[in-house]
Amino acid sequence: MEKWVGRVALVTGASAGFGESIAKRLVEYGMKVVGCARNIEKIQSLSESLKDSKGSLTAIRCDISKEDEILAMFEKIKKDLGGVDVCINNAGLSYNAPLLSGTTEQWRHMLDINVLGLCICSREAVKSMRERGVDDGHIVLMSSMSGHRVVPNASHIHFYAATKFAVKALTEGLRNEVCALKSHIRVTSISPGLAKTEFSHRLFKDDLEQADKRYSGIQAMTADDVTDSVIYALAAPTHVQVHDILVRPTECPY
């Protein structure tokens, strides 16, 4: 990770879960990290706790479902830090919204964040890199095991799974387009399985007992376990492209 010391990383959805863990680790490795979320108070608190670390953490309020806010964020990063060298597309969400009973509003919001927001951030990050002649940048797309298979009897995440199948295709498409530019910018997707974060409690916000049942009887992963995969991809030699990392609990079939 020595090559990233002093470089700029954007982590979306950095207020909790995977994003919080990734932002913290990158700061500890010496990167200038920009963490964005709709609620930045937790990021500001994390920044304060890391003030003696090798790198730094700057909080920016940004709703990834709104393109104007994303563009304003990239402009601020350009003005304050020069641009983005690493973009961690971590922001994402799911609703308990089955295909036969979910609302269009729920589906659209998942698409806006999980797919469109991810695409806009990736586009703007590559643009930032190429404007500055950065040829060793890295785009990380946070996908899911749900982007590789559809779990039976899990109608609550069928539409979410569709957004993550889209991320799988977008990863390959983005990699192909970057390659066509004869650029060495790398593109990696990370597909976590069951991890103990706030995700399940947000998904089942009206039935927290159901959320807790997901972790019953198995040792779920932690956010730090998933961060290890991100660091592995970033730390790989420049001539090595880590395409996709699928990571899940040993005891869990999904």
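Helices are DSSP runs of H or I with at least four residues, numbered from the N terminus. The model shown here is predicted, so local features need pLDDT of at least 70 and side-chain atom pairs count only at pLDDT 80 or more, while totals for chains, interfaces and linings use all residues. Residues are numbered from 1 along each chain as its sequence is written, and side-chain values use heavy atoms, leaving out hydrogens and water.

**View A. Helix 5, residues 158-180, and the residue that follows.** Just after helix 5, look for Lys182, which takes a positive phi of about 55 degrees. Helix 5 itself has 23 residues and reaches 33 Å from its first C-alpha to its last, close to the 33 Å expected (1.5 Å times one less than the number of residues). Its buried residues (under 20% relative accessible area with a 1.4 Å probe, protein chains only) include Phe159, Tyr160, Val167 and Leu174. Lys164 and Arg175 are also buried.

**View B. Helix 1, residues 17-28.** The end C-alpha atoms of helix 1 are 17 Å apart, which agrees with the 16 Å that its 12 residues should span. Nine of these 12 residues are buried, so helix 1 is largely enclosed by the rest of the structure. Among them are Phe18, Ile22, Arg25 and Leu26. Just after the helix comes Gly30, with a positive phi of about 100 degrees.

**View C. Helix 1 meets helix 8, residues 223-235.** The axes (lines fitted to C-alpha atoms over the stretch in contact) come within 9 Å and cross at roughly 50 degrees, on a scale from 0 to 180 degrees between N-to-C directions. Helix 1 and helix 8 are therefore oblique to each other (not under 35, over 145, or 65 to 115 degrees). Their crossing is right-handed (the near helix is turned clockwise from the far one by less than a right angle). In the contact (heavy atoms within 4.5 Å), you can find Phe18 and Ile22 of helix 1, and Val226 and Ile231 of helix 8, among others. The contact residues divide into eight nonpolar (Ala, Val, Leu, Ile, Met, Phe, Trp, Tyr, Cys and Pro), three charged (Asp, Glu, Lys and Arg) and three polar (the others, Gly among them).

**View D. Helix 3, residues 67-81, beside helix 4, residues 104-131.** These two helices pack at an angle of about 25 degrees, with their axes 10 Å apart. That makes helix 3 roughly parallel to helix 4. The crossing here is right-handed. Ile70, Leu71 and Phe74 are among the residues of helix 3 in the contact, and Ile120 and Cys121 among those of helix 4. By class, this contact has six nonpolar, one polar and five charged residues.

Note on methods. Buried < 20%, exposed > 50% of the residue type's maximum accessible area, 1.4 Å probe, protein only.
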